[in-house]
Each structure stands twice: as C-alpha cells, then as structure tokens.
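Work through the exercises below with the sequence and the 3D view open. Try each task before reading its solution.

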Amino acid sequence: MSYYKISDLEQYFKHYKKSVREPRKFWGKIAEENFLWYQGWEKVFEFEMIKGEIKWFLGGKVNIVKNCIDRHLSKRGDKPAIIFEPNSIEEKEQIITYNELYTRVAKMANVLRSQGVKKGDRVCIYLPMIPELAVAMLACARIGAIHSVIFAGFSAAAVNARVKDCGAKMIITADGSYRGAKTLQLKTIIDEAIKEETSVEKVLVVKRTGEEVSMKEGRDIWLAPLYEEAEETNIAEIMDSEDPLFILYTSGSTGKPKGMVHTTAGYMVQTAYTFNNVFHNNDDDVFWCTADLGWITGHSYLLYGALLNGATTVLFEGIPTYPDAGRFWSIIDKYKVTQFYTAPTAIRSLMTEDYEHVTKHDLSSLRVLGSVGEPINEEAWHWFNDFIGKKRCPIVDTWWQTETGSIMISPLAYVTPAKPTYATLPLPGIQAVLMGEKNTEITGNQVMGSLCIKFPWPSMARTIWGDHERYIKTYFSDFPGTYFTGDGALRDEVGYYRITGRTDDVVIVSGHNLGTAPIEDAINQHPAVAESAVVGYPHEIKGNALYGYITLKAEGTSRDRENVRKEINQLITSHFGPIGKLDKIQFVDDLPKTRSGKILRRILRSIATNEMDNFGDTSTMINPEVVQHIIDNKL
C-alpha cells in the first residue's frame with residue numbers, strides 16, 4: 001500500500017503502527033515513490049539522539065526545486081503555482097503558473113550565480129511578501145545556496161545579528177514595502193544593519209515602492225536589469241540529502257537568536273507528506289497560509305509543502321484589516337480558497353469585528369480550516385468553526401515548531417475526529433511521549449508532562465548554525481535520549497494531546513500542576529475579554545500564584561473593573577476549578593507579541609516576578625512599547 005495519503009482513521013492507525021515498527025521501510029517507501037532523485041540513498045537514517053546527531057537518506061542526491069517545479073511541468077505547466085494578492089486592492093493580482101515560476105526561478109538563479117553566489121554560500125533575504133521573495137528562496141535552493149529569510153519588519157540590529165551569525169555573502173532586499181496604509185523603507189534598514197564591516201559583498205535591490213534609496217557603489221545593485229538579461233533556463237545543483245537548505249532564526253529566552261539549520265531531503269519528504277495529509281490536498285485546491293515567508297509556517301506550507309504537491313498557493317502582501325476587516329474573507333471569496341491556515345491571534349482579532357465583514361463574502365469554497373502558532377482557545381475555535389467554516393469544514397489545530405520543520409501533532413482533515421483545543425494525535429513517524437521528573441516516561445492516559453519525541457523524524461533541524469553544543473543543551477539534555485520540545489502537554493482518556501504551553505507555563509500552585517492554556521480558555525469566554533495571558537509568580541503560602549494580564553474588548557472597557565475581575569474568577573472556577581483562580585488581574589491595552597503573533601509570556605512572567613533586568617531576545621517583538629506601560633501599571 002502507498003503510505004502517502006491517509007483516507008480514514010483505520011488507515012491512520014495502520015500507517016502509524018507501521019511508522020513506529022518499521023520506520024526505515026515507512027519513510028523509505030514514501031521518499032522513493034513520490035520524489036525525483038539523482039541517486040538513491042544507502043541508508044534511510046542513522047542517529048545518536050544524546051549527541052544531537054541525526055541524518056536521513058544518507059548518500060542520496062536530490063534537488064528540492066526540481067521536485068517543487070520541474071517535475072510538474074509536463075502535467076501542470078499551465079496550472080497556477082502562486083497567486084499573488086498585493087497589499088492594495090487597486091493593484092492587479094499576479095497568477096504565476098508552474099511554467100512561469102520555472103522561468104522566474106531559473107533567471108533568478110542565473111543572476112545569483114553571475115554575482116558570485118555558489119553552493120554553500122549564505123544569502124539573507126529581507127523582502128516583503130511579494131513574488132520575488134518566493135522566487136529568491138527557490139533560486140537559492142536551486143543552486144545550493146543556503147537561504148536565511150529575515151522577516152521584513154525586523155530592526156537593523158536584529159538583521160545585523162542574523163547576518164553576522166550566518167556569515168551572509170549577499171542580501172536580497174527591496175527599496176520599501178507596503179503594509180496596510182503604511183510604506184516601510186527596507187533598504188534604509190539594510191544600510192543601517194551593515195554599515196559596519198560584515199561578510200556581505202553584494203546587496204540586490206528589488207524595486208517595489210519606487211522610494212528613493214541610496215545605492216553604495218560596488219555593493220548595491222538593482223535586480224531588474226540583471227534579471228532581464230538572465231537566461232531563462234538553469235541546471236539545478238545536485239545536492240546531498242544532508243546539505244543545508246536554509247537557516248531560520250528563532251528567538252531564545254536568553255542569549256542571541258538560534259539559527260536552526262534544516263537540510264534538504266528529509267525536510268522535502270516530510271513537509272510534502274504532512275501538507276498532503278493534514279490539509280487533505282486535492283489537485284484542484286487553492287491553499288492559503290497567511291503566515292509570512294519569514295517564519296517556518298511560510299517556508300514549510302505556503303511554499304515548499306504546497307509546491308512539492310503541485311498545489312496552488314496564495315501569497316498575500318497585506319494585513320487582515322486593510323482596507324477593512326473583511327480582507328481575509330474577500331480573498332477567500334475572490335480566489336475560491338479551499339484550505340485556509342492562519343493563527344489564533346488573527347482569529348481572535350477578527351472575532352471582535354462586525355460580523356457583516358464575514359457575511360458579505362461567499363466562503364462556500366472552503367473545505368479545511370487550519371490553526372497554527374499557539375494552542376487555539378475554545379471560544380476562537382467555535383467562532384472559526386461556526387462562522388467561517390459553517391460547521392462543515394474540519395479544523396486542523398496543528399502543533400509544531402521552527403525546530404521540527406513540519407507538523408508533528410494535528411488532526412488530519414476528514415480523518416481525525418476533532419476536539420476543540422486539542423492537537424489530537426501525532427502524525428505517522430512522530431513518537432510523542434510525556435516525560436516526568438528523573439527522566440521517566442509517563443504512561444497511560446489522562447496524564448500530563450513534558451512533551452518529548454523519542455525517535456528522530458526526517459524534517460527535524462540538524463543543528464544550530466555554528467553552535468552544536470547549544471543545540472544539544474537546548475533540545476537533548478533535559479531528557480537524554482529524547483528531543484525535548486520545551487512544551488508541556490496533557491494526554492486525555494483516548495490519547496489525544498493538548499498542548500498546555502511552554503513547560504515554564506505550567507505553574508505549580510499549592511502542589512497542583514496547572515497548565516495556563518485551559519485557564520486562559522476559561523477567561524477568554526468572558527464577553528468583555530479580548531485576550532489573556534496567565535503566568536505564575538512566587539507566593540508565600542501557595543508556592544506560586546497566578547497573575548493574569550487581560551485585554552478587554554471595546555464594550556468591556558467601560559465596565560467596572562472590580563466586577564469584571566470577580567466574573568473572570570467565577571468563570572475560571574466553573575470551567576477549571578477554584579485552584580485556577582487568579583490572585584492578580586491586570587488589565588492592559590495590549591500584550592507583548594512576536595511579529596508572528598505569539599504572546600511573549602516570558603516577558604510577562606519576568607514582570608510578574610519582578611525580574612526585569614534582562615528580557616532576553618526581544619528582536620522579534622512587534623510592540624515593544626507595551627512593555628513599559630505594563631510595568632508602570634503593575635499590581
């Protein structure tokens with residue numbers, strides 16, 4: 001039987017058991033039957049988890065871009081590969097077929113080679129969500145250069161840290177970018193980021209906004225003239241399975257950002273496999289992941305996973321509230337999107353808007369809804385299900401990380417029965433376990449512990465760029481012999497997993513282990529509450545108590561705060577139990593978040609515990625100004 005597509009729950013269990021009992025045969029068959037290889041592998045995998053040494057498809061030769069584009073040309077050449085929806089509704093969209101994408105990537109690859117970029121060189125890409133960003137990533141992969149995409153909203157200091165860490169030879173950027181009603185100057189940020197000595201030799205500049213920018217002679221080059229002159233064909237580089245594909249930085253709670261290194265073949269095989277199964281991919285689908293390509297979700301599902309399956313993927317430059325709060329729904333209507341993959345933060349934000357923004361658009365094309373980035377709270381899950389999916393679209397609440405490369409625990413659309421707030425079951429090949437103190441595995445159901453993976457998987461990051469010791473210490477030292485995710489989870493009576501938050505978001509109150517996510521779920525059901533974050537802080541009697549940071553909806557701001565506090569704790573008591581009641585509730589205008597929408601709970605925890613000397617890496621924060629406001633009004 002083919003392991004590539006799972007059609008029902010019985011088949012899922014068969015495939016899962018096979019993947020655990022015979023992982024070599026399971027992954028070897030998927031890789032052999034569904035991808036083009038220059039040369040087969042000698043061994044499916046070898047590993048030593050305790051040393052963080054993992055290799056897949058050893059000796060295999062492949063190029064991921066040939067699998068993303070070239071192999072589709074004979075059957076899908078005229079099919080749309082990428083649909084580009086610009087920020088402004090006045091600007092015309094671009095429908096880029098697989099044939100056109102091949103030409104664009106080939107020309108860009110030839111430009112890179114003409115500027116001295118070769119296999120193994122690092123290229124930092126600092127571009128808005130425009131076709132050139134996707135093309136640049138694919139062009140790097142085609143010639144064997146290692147791309148490192150930096151979200152085009154990071155500060156010059158954040159860019160500088162990443163460029164220096166990976167030793168980038170080239171930066172690809174734009175004069176500027178559009179974000180809602182704003183125009184941002186990207187080239188100016190790059191100039192500031194590399195004003196001192198760096199490894200950067202060339203800066204390629206895309207003309208997007210027409211802003212006047214300074215161009216340093218000998219270093220800065222406009223892309224357009226080089227691109228126009230470039231040849232329209234390109235021979236792809238033959239890559240070893242374990243050659244690095246990209247470096248993607250993720251922030252640490254302390255110290256500099258971690259450059260996670262993903263390699264070629266394993267990442268290719270598993271992102272393609274998970275895309276096909278989680279999202280129930282059909283050949284005529286239109287897939288839309290709203291994540292920026294600067295994040296792992298954009299890499300794995302907007303781009304690589306979608307194209308490896310010959311799908312049509314939507315690339316959106318703008319924001320969900322421009323020109324109005326119906327923009328997401330208008331795009332779904334316009335392109336007849338079938339799978340819509342977004343973050344709980346976006347869902348919660350759009351829930352507060354006038355429902356007319358939803359009803360005036362036809363969402364009947366939707367087949368699958370997806371959630372990513374953090375556990376989705378129950379209120380948001382039901383709103384998404386009832387008002388966007390009309391109770392007919394399965395919701396895949398996906399759990400995974402930059403480090404894992406692809407989705408690890410998730411319902412499979414039309415296969416796994418959903419349970420709100422639960423990521424449900426591990427995908428085939430993912431041996432999830434809950435670990436307790438003294439490195440002991442917690443068996444059985446209705447239990448809670450630290451979420452670990454006890455067997456390697458193809459798409460996992462292989463190291464932290466330039467610092468393998470940090471990689472070992474971060475992921476393989478807490479529970480030797482397993483990969484430690486840093487997350488806590490509970491396993492219910494049927495074996496479904498629910499992510500309870502980072503393990504330091506599991507607070508021990510009066511001897512009880514309390515995951516903060518279920519408490520936040522209860523709080524968020526209050527009609528006046530927009531969003532919440534709960535952390536622990538030291539308490540003289542309980543050991544720890546709970547501190548809640550809460551933002552209110554517009555209609556809640558006029559209400560008596562003390563009454564709202566009482567009602568919130570009553571809700572927690574009824575939904576979770578009195579042990580989960582908050583000792584302190586601080587109402588805030590906003591919560592500190594990363595640019596991908598994750599709440600920075602470690603900063604809130606530092607404020608609650610009066611440990612405010614070092615907030616760790618804050619380069620990913622979208623709203624740093626809120627931190628001081630929270631400190632100033634601390635209870």
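The expected span of a helix is 1.5 Å times one less than its number of residues. The model is predicted.

**Exercise 1. Does the length fit, and which face is covered?**

Task: Find the span that helix H1 (residues 9-21) should have, and compare it with the distance between its end C-alpha atoms. Then state which residues of H1 are buried and where they lie around the axis.

Solution.
- Step 1. H1 has 13 residues, so at 1.5 Å a residue it should span 18 Å.
- Step 2. The end C-alpha atoms of H1 are 18 Å apart, which agrees with that span.
- Step 3. Gln11, Tyr12, His15, Tyr16 and Ser19 are the buried residues of H1.
- Step 4. Viewed down the axis, these buried residues fall within an arc of 135 degrees, so they line one face of H1.
- Step 5. A general point fits here: an α-helix has 3.6 residues a turn, so residues three or four places apart point the same way.
- Step 6. The buried residues of H1 pack against helix H2 (23-34) and strand E21 (432-435).
- Step 7. Glu10 and Arg21, on the other side of H1, are exposed.
- Step 8. At the N-terminal end, Asp8 caps H1. A side-chain oxygen of Asp8 lies 3.2 Å from the backbone nitrogen of Glu10.

**Exercise 2. A second helix**

Task: Check the span of helix H10 (residues 264-278), and say how many of its residues are buried.

Solution.
- Step 1. H10 has 15 residues, and 21 Å is expected at 1.5 Å a residue.
- Step 2. From first C-alpha to last, H10 reaches 21 Å, close to the expected value.
- Step 3. H10 is mostly covered, with 15 of its 15 residues buried.
- Step 4. Look just after H10: His280 takes a positive phi of about 50 degrees.

**Exercise 3. Salt bridges of Arg208**

Task: Which residue forms a salt bridge with Arg208 at 2.9 Å, and which at 2.7 Å? Place each partner in the chain.

Solution.
- Step 1. The count for the model comes to 40 salt bridges.
- Step 2. Arg208 pairs with Glu91, their closest N and O atoms being 2.9 Å apart.
- Step 3. That pair links distant parts of the chain, 117 residues apart. Arg208 sits in the loop between strand E11 (202-206) and strand E12 (220-222), and Glu91 in the loop between strand E4 (80-85) and strand E5 (94-97).
- Step 4. Arg208 also forms a salt bridge with Glu317, with closest N and O atoms 2.7 Å apart.
- Step 5. Glu317 lies in the loop between strand E17 (312-316) and helix H12 (327-335), so its pair with Arg208 ties together parts 109 residues apart in sequence.
- Step 6. Arg208 is buried at 17% relative accessible area. Glu91 is partly exposed at 29%.
- Step 7. For another pair, turn to Lys195 and Glu192, whose closest N and O atoms are 2.9 Å apart. Lys195 is exposed at 58%, while Glu192 is partly exposed at 41%.
- Step 8. A network of salt bridges links Arg348, Glu374, Glu520, Glu531, Lys593 and Arg601.

**Exercise 4. The surroundings of Glu317**

Task: Is Glu317 buried or exposed? What does Glu317 touch?

Solution.
- Step 1. Glu317 is buried, with a relative accessible area of 5%.
- Step 2. The backbone nitrogen of Asn87 lies 2.8 Å from a polar atom of the Glu317 side chain.
- Step 3. Leaving out residues up to four places away in sequence, Glu317 touches Phe84, Glu85, Pro86, Asn87, Met129, Ile130, Tyr178 and Arg208.

**Exercise 5. Cores and a buried strand residue**

Task: How many residues has the largest nonpolar core, and which helix gives the most to this core? Then describe the setting of Thr173.

Solution.
- Step 1. The largest nonpolar core has 151 residues. Ile64, Leu101 and Tyr304 are among those with the most contacts inside it.
- Step 2. Helix H6 (residues 131-143) gives the most to this core, with 10 residues.
- Step 3. A second, separate core has 29 residues, including Tyr335, Trp381, Trp383 and Ile388.
- Step 4. Back in the largest core, take Tyr304. Beyond four places in sequence, Tyr304 touches residues including Ile64, Met137, Leu138 and Ala141.
- Step 5. Thr173 lies in strand E8 (residues 170-174) and is buried, at 0% relative accessible area.
- Step 6. Contacts of Thr173 beyond four places in sequence include Tyr126, Leu127, Leu186, Val203 and Val205.

Terms used
Residues are numbered from 1 along each chain as its sequence is written. This is a predicted model: local features need pLDDT of at least 70, side-chain atom pairs count only at pLDDT 80 or more; totals for chains, interfaces and linings use all residues. Side-chain values use heavy atoms; hydrogens and water are left out. Helices (H or I, at least four residues) and strands (E, at least two) are DSSP runs, numbered from the N terminus. Buried means under 20% relative accessible area, exposed over 50%, partly exposed in between (1.4 Å probe, protein chains only). The arc is that of the directions from the helix axis to the C-beta atoms. Contact means heavy atoms within 4.5 Å. A polar contact is a pair of N or O atoms within 3.5 Å; within protein, one must be able to donate a hydrogen and the other to accept it, and residues adjacent in sequence count only if both atoms are side-chain atoms. A salt bridge is a side-chain nitrogen of Lys or Arg within 4 Å of a carboxyl oxygen of Asp or Glu. A nonpolar core is a set of buried Ala, Val, Leu, Ile, Met, Phe, Trp, Tyr and Cys residues joined through side-chain atoms within 4.5 Å.
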